[in-house]
Amino acid sequence: MRINRVMRIGGAAAVLAAVLLAGCGTAPLVTATNVTIPAPEPATSLAPPSGSPAPVVTSSDCLGSAPAMSPMPRPGHMPAGSTMAAIKKRGYLIAGVDQDSYDWGYPNPSLSPGPGRSYLGFDIDVLHALAYAIFRNADDIHFVPVTQDFRMGAANQGIVDVVADSITINCPRTYQVHFSIDYINAAQELLVPRDNTTIAVTLDSRNVPHVNGLAGGKVCTVGTTTSVQNLTALAKADGFSVVLAGNWSDCLVLLQQGDVQAFSTDDTILGGIEAEDPYLKLAGDPFSYEPHGLAFPLADPYSTKDTEFISFANGVLLALESHTSGYCPEPRLSSDTSCWAALYRTWVITAQLPRTTSQVPTPLFAG
Amino acid sequence: MGLAVLAAWTVHQRDTALQNATAAGQRLDIGGLDDRLYQDLIAMQQAEVALFQGRVDAAAQGTRLTDPYADLGLVDSDLAALKAQFGTSVRVQRDISLISGEMTSYFSTEAIAQDDNRQGLPVGAAYLRDASRYLTDDTLQTADDIRKVDEDQVSADDSAAAAVPWPLLAVAAISLACLVGVQILTARYTRTQFDPWLLLGTAATVIVVVWSVIALSVSLHEVGSDTSPHAVAAHALAQALVADVQDHNDDLLTLADHGEDCYASTSRNAPYVYTVKCRFETQVVDSLTALKGQLRADLALASADALDRPVRAQIGIASAAATSWLAAEDALPTLQNLAVAAKAKQEPAGSYPRYDPPFEKVLAPYTGPDTDSGTEVTNFSGLFQRAVNTAIEHEWASYDRQAGSASGALTGAVTGAVLLGLLAAATGGLGIALRVAEYWSAGRRPV
């Protein structure tokens, strides 16, 4: 399994990762209790780093740290004065979603999808679970489609309650938003035409990635994603250039039209792209660690504890992973060990055939 | 006689130029061939966008949507008609071939977009954007080139009709000099001091010249002062109409795209400031903004050249519609507007806007099935289009009227010049013959 393979990449890399992320680690997480308190200056620049490619790491110091709420309130019965109660009073959850990521967040092609069903995908189902936990109705959601470069902004500016958009949890971003625990671990890969046999990513003995067969070529990715930062260093070392597009589909069009030779981002998203176009394939090894989490506004005026809603969401995510029965956005089969496994089977395995294995990966929850 | 023929030919050339200009103007007029081609191309794109939004086959939509292939048929027939009319223009033939070829690429891209969209694949939206970019950047530019050929034709014909007839004036001067010279010679070599026939011929020649010059001057004045400004204003209005249909198309794409054409930039340090710019929305707003916008600039140009009060009134209506249209852009559910509204809500109280009921109303069209948000901009665009259409029709009608008047005057001048020329030739010839006969019959006066 690809995700497990990333996890096996090595303990030595984790040590290097700790060194690399030391700057993040020393900066305190934002714990503002009121939005009028400005967030602290980030310890690291938000601009893409430059320099040599770094070894692939398998952990992060900046994963969501809020503990899961315990005990969880019963669905539809939110504690008075809580953010969840304010959302319940409003009548619907406002969620920022991707509309461009097949099998993760994309418009429902049905002609009359019904209220709260206008988008589909893994991320969308996570939001349905969150909505069910608040309202006892999974469809009480209003989706706000956001672009890749406005995901953080939609949360930071308080336009939405939560963003579920394959967001990689990393240290610089914790100055813009709060993160849940990671609910799926991805890794950056390279997508190329199926008949291409020359382009591939390999890891050397120090787990440093190298892109082969792409010298002088072009790789497309989306601006303001972590994919850009990973590719920038590789591009310099391996002699290719990075083309930035506005969203995933624009990259796919460029690849299909032959304007770029490869497309790179998280393998979760690339899996969806591969499902859209079966004449593409992932080439070589994964070369980054991308834990995905839900993003929340930094502080909330309706809560005395700004992490309360996040703890609640973490409780929902843990419930998805647990073996207990309960609400699940997708039908569970007897072979599904959890609701999370049912979501994974529905959206990821289906999308990424024939790359799948029979083993459902275990999400690596922090906290 | 030669002078009369030259005068008639000169006047006839100008008459022909005016008729050619009128014919080109008719192609440029609303409903004319050039206009039809442009409108049919835009209608085709709008049908594609509507189809994309409908997410279904055209057939399933009944009469609610137009099948883009029906528009393609119209485009093909427009191209065939243009091909027939511009048989000799290499530039237009090249443009027509280009558009025909581009239609293949455009429709194959649109077919991918619609097919992906029907399957629920997000990449369909990217192909829709790609097809739209192709149509705007390539095909519409080529169609615009055909329009420019006609606009250039009108300008060139207007210039030809209004040019000073130097060859005619030169030949007239030579002819008069010859006649005066003959008078002097006959007075010197015969007993007759004044030959009445020759004097009559000279007078007729003077009248031919004066007649022609007056007719041409009237024509020059009518073309320069009364006719050409209508064409110039009509050109500017046509450009405004082009800007209008492109802006409206961008509005439709904005709504269909749901923000996928937007780019956000973030300040480097906290507190973070997010600036969102959506490509299609920015294009519309820029175009509609006074001073810098293309649509506004075209309208101002048309207003400066418009001679008639009804046209100025229509331009006023169009200008007001553009102002309202610009205001309505703020209400469109785009990320750009949403970010601005959120920031405005956030700033006064420092609280998050999503609990604010008025902001939820702003958010509603963005989150739910949205059928109404495009209505307002569509209405203002329609109002603008109707006003400009009326103004263009009026301008070309005025142009035709003025050009017809100038042409009528010139036709009359041709007849008069020919008749007077015959008279001058006959009387001049008779006078000269009599004096030659007198000279050879010994009536010769000693030098």
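Which residues have the most contacts inside the largest nonpolar core? In this predicted model, they are L93(A), F122(A), L294(A), F309(A) and F312(A), and the core they belong to has 79 residues. Helix α5 of chain A, residues 122-135, gives the largest share of this core, with ten residues. A second, separate core of 50 residues includes L216(B), A236(B), A243(B) and A328(B).

L294(A) is a good place to pause in the 79-residue core. Leaving aside neighbours within four places in sequence, L294(A) is in contact with V126(A), V162(A), V163(A) and A164(A), and also with H178(A), F179(A), S180(A) and Y183(A). Further along the sequence, A313(A) and L317(A) complete its list of contacts.

Now step back to chain A as a whole. Its fold holds eleven helices and 15 strands, and 61% of its 367 residues count as buried. If you take the contacts in chain A between residues at least 6 apart in sequence, 72% of them join residues at least 24 apart. On the outside, chain A exposes about 13200 Å², and carbon and sulfur atoms supply 56% of that area.

Next, let us visit the loop between β1 and β2 of chain A, where you will find Q99(A). Is Q99(A) buried or exposed? Its relative accessible area is 9%, and it is therefore buried, the limit being under 20%. Its contacts, apart from neighbours within four places in sequence, come from both chains. From chain A they are G105(A), Y106(A), P107(A), Y119(A) and P145(A). From chain B they are P122(B), D257(B), H258(B), G259(B) and E260(B). For a sense of distance, Q99(A) and F296(A) are 197 residues apart in sequence, and their C-alpha atoms are 19 Å apart in space.

D103(A) sits in the loop between β1 (93-97) and β2 (106-107) too, and its backbone deserves a look. Most residues other than glycine have a negative phi, and most peptide bonds are trans. Phi of D103(A), however, is positive, near 75°. D103(A) counts as buried because its relative accessibility is 7%.

A second positive phi turns up at N207(A), where the value is near 65°. This residue is found in the loop between β9 (200-203) and β10 (209-212) of chain A. What is the relative accessibility of N207(A)? It is 15%, so N207(A) counts as buried.

The peptide bond between S70(A) and P71(A) is worth checking as well: it is cis, with omega about 0°. You can locate P71(A) in the loop between α3 (22-26) and α4 (83-90) of chain A.

Finally, turn to the surface of chain B. Which residues form a nonpolar patch there? They are W197(B), L200(B), L423(B), L430(B) and L434(B), with about 400 Å² of accessible area together. Two helices of chain B, α7 (196-257) and α13 (373-440), each supply at least two residues of this patch. Of these, α13(B) gives the most, with three residues. L430(B) lies in helix α13, and it counts as partly exposed because its relative accessibility is 37%.

How values were computed. Residues are numbered from 1 along each chain as its sequence is written. Chains are lettered from A and ligands numbered from 1 in the order in which they are written. This is a predicted model: local features need pLDDT of at least 70, side-chain atom pairs count only at pLDDT 80 or more; totals for chains, interfaces and linings use all residues. Side-chain values use heavy atoms; hydrogens and water are left out. Helices (H or I, at least four residues) and strands (E, at least two) are DSSP runs, numbered from the N terminus. Buried means under 20% relative accessible area, exposed over 50%, partly exposed in between (1.4 Å probe, protein chains only). Contact means heavy atoms within 4.5 Å. Accessible areas come from the Shrake-Rupley method with a 1.4 Å probe; for residues, only the protein chains shown count as cover. Patches are made of residues with over 30% relative accessible area and no salt bridge: like charges are joined within 9 Å, nonpolar side chains (Val, Leu, Ile, Met, Phe, Trp, Tyr) within 5 Å. A salt bridge is a side-chain nitrogen of Lys or Arg within 4 Å of a carboxyl oxygen of Asp or Glu. A nonpolar core is a set of buried Ala, Val, Leu, Ile, Met, Phe, Trp, Tyr and Cys residues joined through side-chain atoms within 4.5 Å.
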